[in-house]
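Okay, thanks everyone for squeezing me in. Let me put the model up, and then I'll walk you through the overall picture, two sheets and one residue.

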Amino acid sequence: MVVNRLFIMAVLMLTVVASEVAAHGERAQLASMRMRTVHWFDLNVSPLNVKVGDLVTVTGKFYTSELWPNQLPSPEDTVYLNIGVPGPTFIKLDASVNEVPMVRSTSFDLGKVYEYSLVLRARIPGRYHVHSLLNVKDAGSLVGKGTWVEVSELEGAAADQPFVNEVTTLTGETIDLETYGLGDIFFWHVVWVIMGIAYLVYWLVKRELFIPRFLRIREMGQEQADKILTRRDFIVSACFFTATLALILGSYLWTENKYPITIPLQTGKVEVEGYEAPVGDLQIEVESARYELAGRSLTINATLTNKSDQVYSVGEFLTANIRFLNPSVKHNNVNPGEEMVAAQGLTVTNKGIVAPGESLEVEMVASDALWEQYRMTGLINDPDSRFAGLLFYFDQDGKRYYQEIGGPILPKFF
Ligand SMILES: [Cu+2]
């Protein structure tokens, strides 16, 4: 009974812990890191409701920040575009960046725009928070925001069929990756587990594991230590040693014989050119920025100089995956299922409108409870207090422009 109760408690505790970690890094990462590394935008995940075996497409863009923190390894070295989902719940079928197939790692220049697309196949029923992510060498994964995707079970006879993931190899053989080589994996695991247990059993039967032997050696004195190894111990250990080497060699030959044609895992890099951001003729000079802890807002003072013959209106400020939208601009687009959008989050002097030829001093306030929810308050603990984000603006025809802004930021406590 007691054991039973303990077991139930353990399971309950694990459940609590599991729900706590349901945020997949979107909040856990340093606020400064989320603000100044990758600006993900135009995220679109569709469809949001699928059945096992169906395809889900994730598309979007990202801008690699020119204010990338010095202490953090940059994507100019090695980076891999991936998908962040809890466990093997999807199969990644295809990936591309700026229309270049992205099977392998690549590198990205800073201050460029990359348009990506990922095709997934739903594998296990459930409700998952699907994130795009970049694995940056030595820096870890930088996650974009998540979108909930519901994967439901197949119905009827199809529900009883096992999930199949077939591919045709270069030798023309069709294999199911769900089960391919599984028997061999089990077999070799069992062989090595048996070897390990057998070795332990020998010493257990002799009642001589580490601590008793250690105590005996301490009693006898270090120089007598060799004496505790009997002739039998020596022979048994030698047999295990020989058997281990023989098994390694044997398994190698056996694998060579069973799978004669193999190619090594490919580690080469793919090269891809970044696009230039569509910067309009709007000159943005950030004068100062402050973060108000109590107001959960970021205030940017800047001078906007419109050098075009079009009227520009500031529509959005994006930082740390949070979109602050100016509600008086109609061109902002929000995709179905998109999270972290503060629809009324951005207020700008003169409603963000800058006339042609005008030089306007503006105050842009990005404010929303999302600051708190996504733990952006951690900004005050940052030893290098700087911010960065993308500022989106539109001309009269609704054409979108954007550029990165950033600079030092001061916290304001009251
Ligand atoms: Cu998530």
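So, the protein has six helices and 22 strands; those are DSSP runs numbered from the N terminus, with H or I over at least four residues for a helix and E over at least two for a strand. Its radius of gyration is 29 Å, well over the 22 Å that the globule rule gives for 414 residues, so the protein is more spread out than a compact globule. That radius is taken over C-alpha atoms, and the rule is 2.2 Å times the number of residues to the power 0.38. Along the principal axes, the C-alpha trace spans about 95 × 60 × 50 Å.

Before the details: this is a predicted model, where local features need pLDDT of at least 70, side-chain atom pairs count only at 80 or more, and totals for chains, interfaces and linings use all residues. Numbering starts from 1 along each chain as its sequence is written.

How confident is the predictor? Mean pLDDT (its per-residue confidence, from 0 to 100) is 89, and 94% of the residues reach 70 or more. Over residues 12-22, though, pLDDT is below 50, and beyond near neighbours in sequence that stretch has zero contacts in the model. A contact here means C-beta atoms, placed from the backbone, within 7 Å. Where pLDDT is low, the coordinates shouldn't be read in detail.

Now the sheets. One is open, with five strands in the order 1-3-7-5-6 and antiparallel pairing; two strands pair if DSSP finds at least two bridges between them. Strand 1 (38-46) and strand 6 (100-101) are at the edges with a single partner strand each, so one side of each has no neighbour in the sheet. Further in, strand 5 (residues 90-97) pairs with strand 7 (residues 113-122) over seven bridges, and Asp 94 has Val 119 as its bridge partner in strand 7.

The other open sheet has four strands, ordered 2-9-8-4, with mixed pairing. Strand 4 and strand 8 (residues 126-136) run antiparallel over six bridges, with Gly 84 bridged to His 131 in strand 8.

Last stop, Asn 165, in the loop between strand 9 (140-152) and strand 10 (166-168). Buried or exposed? With 15 C-beta neighbours inside 10 Å, Asn 165 counts as partly exposed, because buried takes 20 or more and exposed 12 or fewer, with C-beta atoms placed from the backbone. Leaving aside neighbours within four places in sequence, Asn 165 is in contact with Ile 91, Asp 176, Leu 177 and Glu 178.

Methods. pLDDT = per-residue confidence, 0-100. Contact = placed C-beta atoms within 7 Å.
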